[in-house]
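Colleague: Before I use this model in my own calculations, I would like a careful reading of its local geometry, with the cut-offs of each term spelled out. Please begin at the start of the chain and then dwell on one part.

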Amino acid sequence: MQKRGLLEQLLPPAGAVTPAFFSLGGLVFVMSLHALPFMTTIMKNALIRVPGNLEEAAAVSGAGFSKRLKQVLLPLVTGNYAIAMLLVFVKTLAEYGTPSTLGRRIGFDVFTTKIHAYATTAPVNFGAAATLSLILITICMAMWMLQSWITANRSFRLVGAKGARPAYWKLSGWPRRAAALYIGIVLLLAVGVPWFSVIATSLIKIRGYGLALGNFTLMHYVELFTENPKGLDAFVTSLMLALSVGLIASFLGTVIVWLIRHSGRMGRLLEGIGLLPEMLPSIVMAIGLMLFWNQIYTWIPLYNTMGFMVLVYVILFLPYAIQYTTSAWMQVSPSLREAGSVCGGSPFFVLTRITLPLIAVGIVQGFIMIFIIVLRELVAASLISPPDVLVISTFIVNEFEQGSASVAMAMALICVLVSAIMLFALRMLLSRMKHISAV
């Protein structure tokens with residue numbers, strides 16, 4: 001979008017419009033696209049669990065589409081929307097990457113960029129950074145209390161002992177065309193433009209010539225894994241890190257949600273504690289953990305190791321596992337677990353044979369989100385990576401700083417392709433789990 005950028009090279013008249021991108025509106029737009037998957041996955045999972053017979057009963061009673069939407073569907077998913085809203089709100093409030101790049105260019109500071117400046121720029125002022133962090137935590141805790149109140153008063157048990165099927169609407173005419181246009185615009189802006197930019201940059205031979213015939217090559221991909229051995233090491237390290245953190249955080253998140261639902265009044269407090277890591281910017285959490293583990297290095301030599309990276313990432317992204325699992329759990333009727341207990345099932349039997357199969361979709365959704373985030377995470381990785389250890393994000397940044405933007409984009413494209421393959425496999429597993437759950 002910048003001057004002489006790819007868009008202006010393709011459409012020269014766009015040069016008069018592209019400066020508008022570098023504004024608060026452009027910053028909000030980019031961060032909205034970034035947060036879209038978190039909202040989409042939770043709401044999709046919630047909508048699928050709404051039984052079709054409820055909507056059909058309203059239709060038989062004479063309610064039109066708009067009335068059914070307002071009085072039946074939306075109230076049933078309000079609690080899930082509150083959970084998704086909190087996740088997006090906290091994720092956006094604690095975001096550092098986009099405000100640091102685009103926001104700094106337009107002179108728009110946020111909590112995280114000021115905290116980062118206080119903590120890393122001389123003269124270092126940890127007191128000011130801590131004060132801003134405390135304000136940030138207070139705001140997030142207030143939002144969590146609001147979300148807890150909404151879910152407590154606007155949640156419904158939609159998965160019960162009776163079988164149910166979701167309701168689908170087949171659009172036609174102008175609603176179908178409007179929906180197709182909307183989806184097309186979102187895909188173009190959220191997927192098409194970034195992919196085009198990454199692919200084009202990774203293939204450009206000489207950046208000064210831009211999108212010109214004869215200025216494309218595959219040499220950057222060859223260089224990535226032959227002349228630059230750190231590229232392969234960074235890719236493998238990131239992949240193993242994402243898998244490890246995703247599995248550990250998903251397991252711990254499920255255990256925590258189970259404890260929350262069986263702890264009475266203490267459950268809310270436990271839930272708040274579990275969500276605290278997401279209410280702190282990654283930079284603040286990483287610095288705090290660094291200082292703590294550095295102080296006890298004599299007794300526990302974990303600092304500056306890959307184990308420390310796994311520990312920090314699990315702490316940072318555990319809230320995602322908790323939120324996704326909670327969203328699935330809150331729609332399962334307690335009568336199913338009570339029926340299992342009445343029939344003589346032990347707590348372990350009820351958990352493994354009744355509860356887990358019904359909430360497995362939410363657990364896998366949380367794993368997918370954690371995997372994606374860890375694979376691209378930059379702020380914590382730049383602080384806690386052991387010496388001479390690179391991950392994908394730090395490798396890309398290093399290549400940009402060294403003037404090798406094409407090599408960096410080649411790594412980004414390979415990362416996206418491999419991630420897409422793995423996520424497609426997980427989606428297939430998710431579909432199979434939904435089928436088994438329905439049966």
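Where is Arg4 found? After that, please take a close look at helix H15 and at what covers its buried residues.

Modeller: This is a predicted model, in which local features need pLDDT of at least 70 and side-chain atom pairs count only at pLDDT 80 or more, while totals for chains, interfaces and linings use all residues. Residues are numbered from 1 along each chain as its sequence is written, and side-chain values use heavy atoms, with hydrogens and water left out.

Arg4 is found in the segment before helix H1 (6-10), where helices (H or I, at least four residues) and strands (E, at least two) are DSSP runs numbered from the N terminus. Although Arg4 is not a glycine, it has a positive phi of about 60°. At 55% relative accessibility, Arg4 counts as exposed, on a scale where buried means under 20% relative accessible area, exposed over 50%, and partly exposed in between, for a 1.4 Å probe and protein chains only. A second non-glycine residue with a positive phi is Asp388, at about 65°; Asp388 lies in the loop between helix H17 (379-384) and helix H18 (392-401), and at 84% relative accessibility it is exposed.

Now to the part you singled out. Helix H15 (residues 334-342) packs against helix H16 (residues 347-376) at an angle of about 160°, with the two axes 10 Å apart; the axes are lines fitted to C-alpha atoms, for helices over the stretch in contact, and the angles run from 0 to 180 degrees between N-to-C directions. H15 and H16 are therefore roughly antiparallel to each other, given that angles under 35 degrees count as roughly parallel, over 145 as roughly antiparallel, 65 to 115 as roughly perpendicular and the rest as oblique. The crossing of H15 and H16 is right-handed, the near helix being turned clockwise from the far one by less than a right angle, whereas an anticlockwise turn would make a crossing left-handed.

On the H15 side, the residues that meet H16 are Leu336, Arg337, Gly340 and Ser341, and their counterparts in H16 are Val350, Ile354, Thr355 and Leu358, with contact meaning heavy atoms within 4.5 Å. Sorted by class, this contact of H15 with H16 has 4 nonpolar, 3 polar and 1 charged residues; Ala, Val, Leu, Ile, Met, Phe, Trp, Tyr, Cys and Pro count as nonpolar, Asp, Glu, Lys and Arg as charged, and the others, Gly among them, as polar.

The buried residues of H15 are Leu336, Arg337 and Gly340. These residues cover an arc of only 95° around the axis, which puts them on the same side of H15; the arc is that of the directions from the helix axis to the C-beta atoms. What covers them includes helix H14 (306-329) as well as H16. Just after H15, Gly344 takes a positive phi of about 100°.

H16 also packs against helix H11 (residues 229-261), the two axes coming within 8 Å and crossing at roughly 140°. This crossing, too, is right-handed. Among the residues of H11 that make the contact are Leu239, Ala242, Val245, Gly246, Ala249 and Trp258, and those of H16 include Leu351, Leu356, Ile359, Ile363, Phe367 and Phe371. By class, the contact of H11 with H16 has 17 nonpolar, 4 polar and no charged residues.

For comparison with H15, consider helix H3 (52-60), whose buried residues are Gly52, Glu55 and Ala58. Seen down the axis of H3, they fall within an arc of 130°, so they line one face of the helix, and helix H4 (65-76) is included in what covers them. H3 is followed by Gly62, with a positive phi near 100°. In the loop between helix H2 (24-48) and H3 lies Val50, which counts as buried at 8% relative accessibility; its C-alpha atom is separated by 7.7 Å from that of Leu73, 23 residues apart along the chain.

Finally, one pair links back to H16: Leu358, which meets H15, is 48 Å from Gly107, C-alpha to C-alpha, and 251 residues from it in sequence. Gly107 counts as exposed, at 66% relative accessibility.
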